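Student: Could we take a close look at one part of this protein and follow it outwards?

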Amino acid sequence: GGELASHPVAAIDVGSNTILLLIAAYDPASGLTIIDEAEDQPRLAAGLVETGHLAREAANRALESLERMRDLCRDRGVRRISAVATAAVRDARNGEEFAQQVRHLGIPLRIISPRVEAELAFRSAAYRFPDAERMLVADTGGGSLELIGAVERRLELITSLPLGAVRLTERRLPLPSLREEIEQQLSRALARGAWTNARVVGSGGTFANLAGMALARRGKPAGTDIQGVEITSEEIEALLAELAGMELDQRRRVPGLRPERADIIVAGLAVVAELLGRVEASSVRINRYGIREGLLLEMVEEKEVKDKE
């Protein structure tokens with residue numbers, strides 16, 4: 001497997017709110033070594049629910065982000081890119097047209113099903129938390145929430161719910177009504193008591209920003225690594241109450257929260273709070289990598305199999 005060790009590989013996750021890039025080298029002995037990463041928030045899903053289409057401005061912002069990421073990959077000597085698009089592109093009537101434009105940039109974009117999306121998020125969580133016997137992985141996006149339940153690495157639950165932060169924010173519901181709606185969806189998806197003793201792992205933008213804010217509240221310096229951090233449901237409820245009571249410009253100044261996420265964070269945290277309540281979990285562990293790391297692991301495993309043949 002000498003090729004991958006010397007040539008980095010890249011993974012791009014084109015989400016409904018955020019586009020994420022991860023560049024890594026792989027060595028069978030030490031696993032993945034992250035070389036570089038980038039993130040942009042073109043918010044592809046803006047207005048999608050009303051129109052059924054990706055807005056031209058949002059699509060153009062996304063294409064500019066992707067062009068920059070492609071150039072960064074070239075600069076880093078990346079030989080292979082794996083790229084996927086999730087809810088926004090999957091649901092849009094002009095999603096395939098957008099995907100073609102991305103392919104013209106030299107990025108082999110695949111539109112993936114919710115099931116594949118869930119499996120990629122799980123693959124990363126299992127790699128990062130190898131000792132969890134029962135695991136419930138939540139991957140939050142702008143368009144959807146993926147839930148994956150596994151017992152000793154056997155997938156027993158895979159479900160995708162329309163509980164994305166952008167989608168829910170566009171409903172403009174007051175927080176109690178929003179929580180009620182989320183709770184109803186989760187109660188249909190998760191049998192009461194089925195996942196009560198599972199280790200809950202969260203990936204996606206809402207969880208990353210939750211971790212940033214929780215660490216800031218604990219007095220940790222900005223830039224503290226959030227990987228593996230455990231956050232209690234008390235901390236989540238306190239943050240949710242605080243943020244819901246703020247004006248948007250106040251929220252933009254909250255330490256640990258990316259300002260461009262200030263408008264969708266309340267809906268995102270409401271989902272996390274209701275999820276933990278539903279499975280009676282007192283805390284969640286953060287997985288900073290999620291889908292894009294799942295893609296890297298998938299590429300690496302294919303390569304290892306080929307090398308053995």
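Student: Let's start with M135: which residue in β9 stands opposite M135?

Tutor: That's R199. Before we go further, a quick note: this is a predicted model, where local features need pLDDT of at least 70 and side-chain atom pairs count only at pLDDT 80 or more, while totals for chains, interfaces and linings use all residues. Residues are numbered from 1 along each chain as its sequence is written, and side-chain values use heavy atoms, leaving out hydrogens and water.

Now the strands themselves. Strands (DSSP runs of E, at least two residues) and helices (DSSP runs of H or I, at least four residues) are both numbered from the N terminus. β6 and β9 run parallel and are joined by six bridges, and two strands count as paired if DSSP finds at least two bridges between them. In general, strands of a sheet pair through backbone hydrogen bonds, either parallel or antiparallel. Another facing couple is V137 and V201 in β9.

β6 also has β7 as a partner: these two run antiparallel, with seven bridges. There, L136 sits opposite G149 in β7. The two strands make a hairpin, with four residues between them. With partners like that, how many residues of β6 are buried? Six of its seven, where buried means under 20% relative accessible area for a 1.4 Å probe, counting protein chains only.

Let's zoom out to the sheet. Six strands form an open sheet in the order β8-β7-β6-β9-β11-β10, with mixed pairing. Its edges are β8 (154-161) and β10 (230-232), each of which pairs on one side only. From one strand to the next, the twist averages 25 degrees.

Helices pack on this sheet. α8 touches β7 and β8, and its direction makes about 150 degrees with that of β8. Contact here means heavy atoms within 4.5 Å, while angles run from 0 to 180 degrees between N-to-C directions, with axes fitted to C-alpha atoms (for helices, over the stretch in contact). α9 packs on the sheet too, touching β6, β9, β10 and β11, and its direction makes about 105 degrees with that of β9.

Pick one residue in α8: Q185. With a relative accessible area of 17%, Q185 is buried. Leaving aside residues up to four places away in sequence, Q185 touches L161, P162 and L163.

Finally, back to β6, this time as part of a pocket wall. A pocket is an open set of points on a 1 Å grid over the protein atoms alone, where a 1.4 Å probe fits and protein lies on both sides within 12 Å along at least five of seven lines; lining residues have an atom within 4 Å of a point. The largest pocket is lined by 44 residues. β6 is one of the elements supplying at least two of these, along with others including β9 and α9. α9 gives the most, with seven residues. E39, G205, A208, N209 and I226 lie nearest the pocket's centre. So the tour ends where it started: β6 pairs with β9, and both strands help to line that pocket.

Technical notes. Buried < 20%, exposed > 50% of the residue type's maximum accessible area, 1.4 Å probe, protein only.
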